Amino acid sequence: MSLNDVQAYFREFGKEEDIIIVDDSSATVALAAQALGVIEAKIAKSLTFQGKEESFMIVMAGDAKIDNKKYKAQYKTKAKMLSPEQVKELTGHEIGGVCPFGLITKDMKVYLDESLKRFDFVYPACGSGNSAIKLTVEELEKYGNCYEWVDVTKDWDPQLT
């Protein structure tokens, strides 16, 4: 149902037809990049965390990793990812298709990481392990209901564009 939820979400904006369905799995950054014919860094991966009082999502570039020091400075707690069951319960999406679109928890905060800003286009999942959508960073900010931009990652190459 999750892909259907995302399709319904994008239908509101006239962008449902922009969703890309691939034959092969796109459930990991590497598989998504291969299926879409782009570099891994342009895959916008969505990770969900448990904060002090609420769960939230961070969308970051495919080559980025959470920097625990930056994360703790931003959120005042250690990084603790949600379990697959918690992710499904709070987002409506299974691991491999998690995205900031069509979320069950309508007030879940979505943070976008600075690692995304170097690209003209990125490719977030669309609720299933074989879907994605090509969006500008500005479109991701808009359609992903960005709460705030953050800088909580490391190991990404700023020269890739």
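A disulfide, for the purposes of this talk, is a pair of cysteine sulfur atoms within 2.5 Å. I start there because that cut-off of 2.5 Å decides the cysteine part of the story, and I should add at once that what we are looking at is a predicted model.

With that definition in hand, the structure holds zero disulfides. Where does the closest cysteine sulfur to that of cysteine 99 lie? It belongs to cysteine 126, at 5.7 Å from the sulfur of cysteine 99, which is too far for a bond. Seen from the other side, cysteine 126 is likewise in no disulfide, and its nearest cysteine sulfur is that of cysteine 99. As for their surroundings, cysteine 99 has a relative accessible area of 0% and therefore counts as buried, and cysteine 126, also with a relative accessibility of 0%, is buried for that reason too.

Let me step back to the whole chain. The protein chain has five helices and 10 strands, and its C-alpha atoms fill a box of roughly 40 × 35 × 25 Å when taken along the principal axes. For 161 residues, a compact globule would have a radius of gyration near 15 Å, and the 14 Å computed for this chain agrees with that. Of the 161 residues, 49% count as buried, while the accessible surface comes to about 8300 Å², with 48% of it belonging to carbon and sulfur atoms. If we take the contacts with a separation of 6 or more, 65% of them are between residues 24 or more positions apart.

On charges, the protein chain carries 20 positive and 26 negative side chains, and the centres of these two sets lie 7 Å apart.

I would like to finish with one residue, serine 115. Which strands flank the loop that holds serine 115? They are β5, covering 109–113, and β6, covering 121–124. Is serine 115, in that loop, buried or exposed? It is buried, because its relative accessible area is 0%, and a residue has to be under 20% to be called buried. Once its neighbours within four places in sequence are left aside, serine 115 is in contact with Met60, Ala61, Ala64, Thr153 and Trp156. A related distance concerns lysine 65, which is 50 residues away from serine 115 along the chain, although the C-alpha atoms of the two are separated by 9.7 Å.

Terms used. Residues are numbered from 1 along each chain as its sequence is written. This is a predicted model: local features need pLDDT of at least 70, side-chain atom pairs count only at pLDDT 80 or more; totals for chains, interfaces and linings use all residues. Side-chain values use heavy atoms; hydrogens and water are left out. Helices (H or I, at least four residues) and strands (E, at least two) are DSSP runs, numbered from the N terminus. The radius of gyration is taken over C-alpha atoms; the globule rule is 2.2 Å times the number of residues to the power 0.38. Buried means under 20% relative accessible area, exposed over 50%, partly exposed in between (1.4 Å probe, protein chains only). Contact means heavy atoms within 4.5 Å. Accessible areas come from the Shrake-Rupley method with a 1.4 Å probe; for residues, only the protein chains shown count as cover. Lys and Arg count as positive and Asp and Glu as negative; His and the chain ends are not counted. The place of a charge is taken as NZ of Lys, CZ of Arg, CG of Asp or CD of Glu.
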